[in-house]
Amino acid sequence: MRNTLLRMLAALMCVMGACAQVEDFDLEKMAGKWYIVGLASNAQWFVDQKAEMKMGTTVVVPTADGDLDLTYANLQANGTCWRMTHLAKKTDTPGRFTFHSQTWNNDNDMRVVDVVYDDYALVHTIKTKEEAVDVLNKLYSRTPQVSDVLLQKFTQLSLDNGILADNIAILPLNGECAEA
């Protein structure tokens, strides 16, 4: 019951405009490599690990069915590459996708809330695992550097979603994983 109420609250925040979806979402223009420049969440796992986090990449590949194949990669301090993939299934709402993470055993409701396809994307995800419901915002960029205006836009989105200012992380530059 609590889980259902938390999901409804998170959905209500989205309806009220805290995470409105992009109009005229173009799946094909999302394709390609994105740098994960910023992350924001009040989730305990994030709070515990944010100090060690570094910039990684996501490769987005649209499928013939309108879904998104997402491949995350992050170069670790020991030189190894951590990778994770998800198939995000389209919904009836353009720019909104859902997927289950086998790695973290959670359900994800992901929305592209703002995008300039050759520059940046702001992504809002509601993560549900058993009774816990957490929000994770991501700032994606086509380049590792972003403008102060874009950083402010990401920060404001996160604050509007109830994320504490201390839990908004702009990730430091990092080496990249070799192509798999």
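Which residue in β8 does L122 stand opposite? Select L122 and look across to the neighbouring strand of this predicted model, and the residue standing opposite in β8 is L139.

With those two residues highlighted, colour the whole of β7 (120–129) and β8 (132–141), which run antiparallel and are joined by ten bridges. The hairpin of β7 and β8 has two residues between the strands, and E130, which you can select there, takes a positive phi near 55°.

Stay with β7 and turn to β6 (106–116), since a hairpin of three residues joins β6 to β7. These two strands also run antiparallel, with nine bridges between them, and selecting D109 shows a residue that stands opposite I126 in β7. If you then display the surface, you will find that β7 is mostly covered, with nine of its ten residues buried.

Next, select M30, T58, V60, L68, L70, M110, V112, V123 and Y140, the residues that line the largest cavity. Two or more residues of this lining come from each of β2 (56–62), β3 (68–75) and β6 (106–116). The volume enclosed is about 60 Å³, and the lining divides into eight nonpolar residues, one polar residue and no charged residue. In the whole structure, four cavities of 30 Å³ or more are found.

From the cavity, move to the largest pocket, which holds about 1,000 Å³ of space. Select W45, Q49, M53, W82 and W104, which lie nearest the centre of this pocket among the 33 residues that line it. The elements that give two or more residues to the lining include β1 (32–40), α2 (44–49), β4 and β5 (96–101), and also the strands β7 and β8 visited at the start. By class, the pocket lining has 16 nonpolar, eleven polar and six charged residues.

The last stop is the one disulfide that the structure holds; select C81 and C177, whose sulfur atoms are joined at 2.0 Å. A disulfide is a covalent bond between the sulfur atoms of two cysteines. Here the link is right-handed, with 105° about the S-S bond. This pair connects distant parts of the chain, 96 residues apart, with C81 in strand β4 (residues 81–90) and C177 in the segment after β9 (168–170).

Are C81 and C177 buried or exposed? C177 is buried, because its relative accessible area is 14% and buried means under 20%, whereas C81, at 31%, is partly exposed.

Definitions and conventions: Residues numbered from 1 in each chain as written. Predicted model: local features only at pLDDT ≥ 70, side-chain atom pairs only at ≥ 80, totals over all residues. Heavy atoms only, no water. 1 Å grid on protein atoms, 1.4 Å probe; cavity = no way out; pocket = protein on both sides within 12 Å on 5 of 7 lines; lining within 4 Å. Points joined across faces, edges and corners; volume = space filled by probe spheres on them. Helix = DSSP H or I, 4+ residues; strand = E, 2+ residues; numbered from the N terminus. Nonpolar A, V, L, I, M, F, W, Y, C, P; charged D, E, K, R; others polar. Disulfide = S-S within 2.5 Å. Buried < 20%, exposed > 50% of the residue type's maximum accessible area, 1.4 Å probe, protein only. Pairing = 2+ DSSP bridges.
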